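Let's walk through this protein together, one region at a time. Keep the viewer open and turn the model as you read.

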Amino acid sequence: MPELARQVLLLGAGVAVLCGLGALLPRPRLGAVAALPACAANTLAAVTVAAFAADAAGLSLGAVAAALAVAALLAGIWRLQRARLSRRTKVVADAAGSRHPRVSASPRPRVPARPRLAAGDAACFAVALGAVALALWSGTWFSHGADTFYHLAAARTQVLDGTALPHRIFVPEPVGPDPTSGTWHAVLVLVAWLAAQDVASVWAVLTPLAAGLEVLGFAALGRAASGSGWIGAAGALAYVALERRLDLRTAPFPNEVAWLPLGMALVAALALWQRPAADARTNDTHTSVEERPAPPGESRRHPRPGQSGLQDAQAPSAGLLVAVAAWTAAAAGVHLAYYGLAVMLLAALAVAALALRRLRHAALVAPAALVLAAGLLGGALPAGYRLLALLDTPTGQGALGVGAPLARAYLSPWSPPGLSGLLTLADPGVWFRSGALVLATVATLALVGRLRVGQPGAVLLVVGTWLVPLVVLNPLLAPLALDRWSYLVAKTATLLRPLPYLGAAWGLTALGVSRRAGWLGSAAPAVAALVVVGAVASEAPRVAATTFGPADPQQHSVAASRAGDLRQRWAGLLAALDALPGRVVLLADPDTSYALAGLTRHWVVAVPHSHSPAQLEARDGALRRGDAVDALYQGAERAAEVLERYGATHVVAGERFGAALGDLPYLVRVGAGSTWQLYAYDGLRLGQALDVAATPVGDGVQAGVLRALVPAGRVVWVRVVGAPDGSRLELRHGALALAERALPALRDVVVGLAVPRDAPAGPALVGLVWPAGSRDLATVTLGREVEAELLAGLSPDRDYDYAAVAGWASYTMSFFSRQRAATTAQVSGRLRGALPGLPPGDYLLRLRVYDYGTGRANALRVRIGGAATTVRWEETTAGMRWMEATIPAVRGTDVEVDVLEVGQGRVVLDVLALYPR
């Protein structure tokens, strides 16, 4: 198929799904500017309801598509019937009027002419078309570091598994429904199915379409809040130019798409206020149209500022309430954070209505309460479903497990710092790093006067603009915002950024028409010019760097994105991976794995922390990442252990993953390019890399294990010589079977038995079973191991300033286990954790530490289950070393590590392991 024809087909499928389905479904009339965004919001609402209901019922994505098709058919029939009934009624009325011209005392009403599009509304469409052109010019973000690949991987999961919501993202084990992935991925798959194209091609075509719809939605929200299309167009334009820096590559991301249904829910809420607000202000001399000049290009017949002017006067309030509920549900279904944002903004309107009641606007109270209730109930299904899925971690620990921090942060911001510390991913002060955003925030203060006269649009924009600054600058809330609420505040700041530009556009206009502005009102043009010039000047360098910057891989520029398009750079690698039979597990560094999972149908071992699904991260995300990178730096045994542990069948080495893997005898190169190599894992060659001694055990069989101490989650390496045909290996702890493996038909073979991470501590028996008998081969001691950097009580991800952190901090080096360790220079602070599955008894404690070789002593006191011991090291040779000590009479699982001496400048603790004596 020619490329142009394919692009047209994809665009047609995208428009049909995003706008066509929503156009058929019932929706309130919100005016020309909001028509297309409302159609898209309708589609997202329908997909959200169908997908979450199907997922809860265990139905497939095909059932969702069938339900949407039936809904579209019924809605189409209903609209045709309405149109036919309307025409029939008109014919009957015309016939009755011609036969009995004197029946009516008044002349027949004339059919009004079709209204022309107002100049301000046309400006909104012009800005949206400009956004489409910008998105077409900048292209799609397919380079290293893009969030694109997460969403491609989630959509591919639905294509391959057919699930209503993504359940297996990146790895073969189910991890969903994940809070990060939602119903936008189902829309991508529906478009891909309709056009019979790959999801990556769908993503590329939907980028300009989503950009245009989102910008038009922002303009519609500005118009609904202020009553002027010019204000909506100016605010949307300022947002695209100054905040987005003319860069719309992220338009198809869920955190951007979710603004479509949320913005339309706010437009519907404002429309619901129109009639009571207008009635309450009928005699308000401060808001009459006659006292204010109409905005340029607008007619005095347009509604007063503060009214939406978009609602059909006969539209029932029930329809608007249903729209608010459905579109809030769609926003929560696309991105979980938008449920809290929607409730916050709707609650602000409700609180404002209660406050305005004292100013003779009691008519505003009921609509605000109804709107808030509709938003709460509408978004409760998808938001609650996703939060419960997060709490129900795959480890079975539920709300008390490691999967709870994110959900607890959403449900209870007062969670202990030990939990919320894991969420310090962004700086809440990011709001103040943009000069344009600061100026827009200040300019929104011009709307404060509008609050007194009960204009809900002003309430919405002022509250949405000043929420983050008031939290961050408040001396009472700032400590919580910077410590325990940092992630939530930063996320909210990211989502609220369109509102200040809409508020600034209206606020600067309001200065010139307000009778109470005094001298400031007369100086409004100069003030507006200063704000605009200052905003443009402050952001011009960043806009230039993003839009016209060089193709430097370290720069976030459009040119760098085009030059780094991995679809072109990895064309040969992607073709080789597509040629592999079935769906395999790939081992590569986390960054490369992340991109490969989005561009191919295959699974991977690990992805970066910033892109890992919440449930996967809660279960073993950090361990997976550490294992994947250990395979590069820790030698042949560690690489083989990672391959066996995760069932990886192929290894990708390249720019970000060392070519030294090609020296391992059990990796066979099956493809190569100028910047990449593809290897197949051949487990039959492990004996060439792992030196495992074998001794006679009887029945002509020789066997041996590589190590006698093996922590849970690692691999027991077993060598078997002379095993009978049809034999298999078993690993048992008492009567509990932990692992088994069929032996290949070879006389001398080395195989691995992956020990489950929840295996109990104690002796485990390696046995050989064949059709005619069985024999015990060896005994290993299973223990518990914990990475020091994963214990509570340290500052995570602070490698850049670990020396300045008070207490324990994380520290990254290639020779550490899983690349990270815990370090401190102070005799203070305590690491805390737990080693579950420890029966009472005496234990061998092993600590992997770094010795600086100064001859001075470092010492730690380790307490486990009430028993304690001291470990000291003071060698004269620098390097990593294992220190051992005995802890008698352990009666619990709690772990505490305290510093006793820091004679070497710093203490570095890598791993803590415990084995029964």
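The paragraphs below start with the chain as a whole, then visit a pair of helices and three groups of strands.

Before anything else, please keep in mind that this is a predicted model. The protein chain has 917 residues, and 54% of them are buried. Its secondary structure amounts to 30 helices and 24 strands. If you look at contacts between residues with a separation of 6 or more, 71% of them link residues 24 or more positions apart. On the outside, the accessible surface comes to about 37800 Å², and carbon and sulfur atoms account for 60% of that area.

Let's begin with two helices. Find α2, which covers residues 32–57, and α6, which covers residues 183–195; their axes come within 9 Å and cross at roughly 105°. Because of that angle, α2 counts as roughly perpendicular to α6. On the α2 side, the contact is made by Leu44, Val47, Thr48, Ala51 and Phe52, and on the α6 side by Thr183, Trp184, Ala186, Val187 and Leu190. What classes of residue make up the contact of α2 with α6? It consists of eight nonpolar and two polar residues, with no charged ones.

Stay with α2 for a moment, since two more of its residues are worth a click. Ala46 lies in this helix. Leaving out residues up to four places away in sequence, Ala46 touches Leu25 and Leu68. Ala46 can also be paired with Gly22: the two are 24 residues apart in sequence, and their C-alpha atoms are 8.1 Å apart in space. Further along, Asp55 also belongs to α2. Is Asp55 buried or exposed? Its relative accessible area is 12%, so Asp55 is buried, given that the cut-off for buried is under 20%. Apart from neighbours within four places in sequence, Asp55 is in contact with Ala164, Leu165, His167, Pro177 and Tyr385.

Now move along the chain to a sheet with mixed pairing. This open sheet has five strands, in the order β2-β1-β3-β5-β4. β2 (603–604) and β4 (667–672) stand at the edges with a single partner strand each, so one side of each has no neighbour in the sheet. At one end of the order, β1 (residues 585–587) runs parallel to β2, and two bridges join them. To locate this pairing, look for Val585, whose bridge partner in β2 is Trp603. Helix α30 lies across β1, β3 (650–654), β4 and β5 (676–681), and runs at about 160° to β1.

Helix α30 also leads us to the next sheet. This helix, residues 635–646, lies across β9 and β12 as well, running at about 100° to β9. Those two strands belong to an open sheet of four, ordered β6-β7-β9-β12, with antiparallel pairing. The edges here are β6 (695–698) and β12 (748–754), each of which pairs on one side only. On average, neighbouring strands of this sheet are turned by 35° against each other, direction ignored.

Within that sheet, take a look at β9. Six of its seven residues are buried, which leaves the strand mostly covered. On one side, β7 (residues 701–705) runs antiparallel to β9 and is joined to it by four bridges; here Ala703 stands opposite Val720. With β12, β9 (residues 715–721) forms seven bridges, again in the antiparallel sense. Two pairs to look for are Val715 with Ala754 and Trp717 with Gly752.

Our last stop is β24, residues 907–916. Nine of its ten residues are buried, so this strand too is mostly covered. Which strands pair with β24? One is β14 (residues 773–787), which pairs with β24 in the antiparallel sense over four bridges; Glu785 has Ala913 as its bridge partner there. Another is β17 (residues 820–824), antiparallel to β24 and joined by three bridges, where Thr823 stands opposite Val908. There is also β19 (residues 841–851), antiparallel to β24 with eight bridges, and in this pairing Leu844 is matched with Tyr915.

Technical notes
Residues are numbered from 1 along each chain as its sequence is written. This is a predicted model: local features need pLDDT of at least 70, side-chain atom pairs count only at pLDDT 80 or more; totals for chains, interfaces and linings use all residues. Side-chain values use heavy atoms; hydrogens and water are left out. Axes are lines fitted to C-alpha atoms, for helices over the stretch in contact, and angles run from 0 to 180 degrees between N-to-C directions. Angles under 35 degrees count as roughly parallel, over 145 as roughly antiparallel, 65 to 115 as roughly perpendicular and the rest as oblique. Contact means heavy atoms within 4.5 Å. Ala, Val, Leu, Ile, Met, Phe, Trp, Tyr, Cys and Pro count as nonpolar, Asp, Glu, Lys and Arg as charged, and the others, Gly among them, as polar. Buried means under 20% relative accessible area, exposed over 50%, partly exposed in between (1.4 Å probe, protein chains only). Accessible areas come from the Shrake-Rupley method with a 1.4 Å probe; for residues, only the protein chains shown count as cover. Two strands pair if DSSP finds at least two bridges between them.
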